[in-house]
Amino acid sequence: MNGLNPNQYQTAYISLSTISVTEFYREICSLLGLEASENKTGMFRVIQERVYYLYREKKKLLVLVGKPYLNHILDKQVHESLRQRITVHHNYEGLSEQEVPDYISHKLELAGRKP
């Protein structure tokens, strides 16, 4: 995310793994600097308005990043309209068993390990 141009992208990282729909909307409101209301409909409306504003007026794309459980949240019918607005969807599966030793070795070298 740090490599993205902030003039072109608005990023939002959700680190919570198991949250309700209301908590999910509240978290997105917080990340976008919006006032969270008590009801889901109100929060969804302000989120939608902010995403439209960012795209139309600021020409910014929203990048939403989260743990794998985020996919389960977005798969719910109630999030259909939000899910339809996600243009690129990527699941990172992690490292393979063969890649782990090289990854650990590389990180140790970066940390100053001597051969």
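How far from Lys60 is the nearest side chain of opposite charge? Glu57 is that residue, 13 Å away in this predicted model.

**View 1. Lys60 is buried without a salt bridge.** Lys60 sits in the loop that joins helix H2 (40–56) to strand E2 (61–66). Its side chain reaches the backbone oxygen of Pro6 at 3.1 Å. Lys60 also touches Asn7, Gln8, Tyr9 and Gln10. Leu54 and Tyr55 are further contacts of Lys60, in a count that leaves out residues up to four places away in sequence.

**View 2. The buried residues of H2 pack against two strands and two helices.** The strands are E1 (9–14) and E2. The helices are H1 (21–31) and H4 (80–84). On H2, the buried set comprises Gly42, Met43, Phe44, Val46, Ile47, Val51 and Leu54. Leu54, one of these buried residues, is also touched by Lys60. The end C-alpha atoms of H2 are 24 Å apart, in agreement with the 24 Å that its 17 residues should span at 1.5 Å a residue.

**View 3. Arg45 lies in helix H2.** Arg45 is partly exposed, and its relative accessible area is 43%. From Arg45 to His79, the C-alpha to C-alpha distance is 12 Å. In sequence, Arg45 and His79 are 34 residues apart.

**View 4. Confidence along the protein chain.** The mean pLDDT of the chain is 84. A value of 70 or more is reached by 97% of the residues. Among the elements, E2 has the lowest mean pLDDT, 74. Helix H5 (residues 100–110) has the highest, 92. Where pLDDT is low, predicted coordinates should not be read in detail.

Notes: Residues are numbered from 1 along each chain as its sequence is written. This is a predicted model: local features need pLDDT of at least 70, side-chain atom pairs count only at pLDDT 80 or more; totals for chains, interfaces and linings use all residues. Side-chain values use heavy atoms; hydrogens and water are left out. Helices (H or I, at least four residues) and strands (E, at least two) are DSSP runs, numbered from the N terminus. Buried means under 20% relative accessible area, exposed over 50%, partly exposed in between (1.4 Å probe, protein chains only). Lys and Arg count as positive and Asp and Glu as negative; His and the chain ends are not counted. A salt bridge is a side-chain nitrogen of Lys or Arg within 4 Å of a carboxyl oxygen of Asp or Glu. A polar contact is a pair of N or O atoms within 3.5 Å; within protein, one must be able to donate a hydrogen and the other to accept it, and residues adjacent in sequence count only if both atoms are side-chain atoms. Contact means heavy atoms within 4.5 Å. pLDDT is the predictor's confidence in each residue, from 0 to 100. The expected span of a helix is 1.5 Å times one less than its number of residues.
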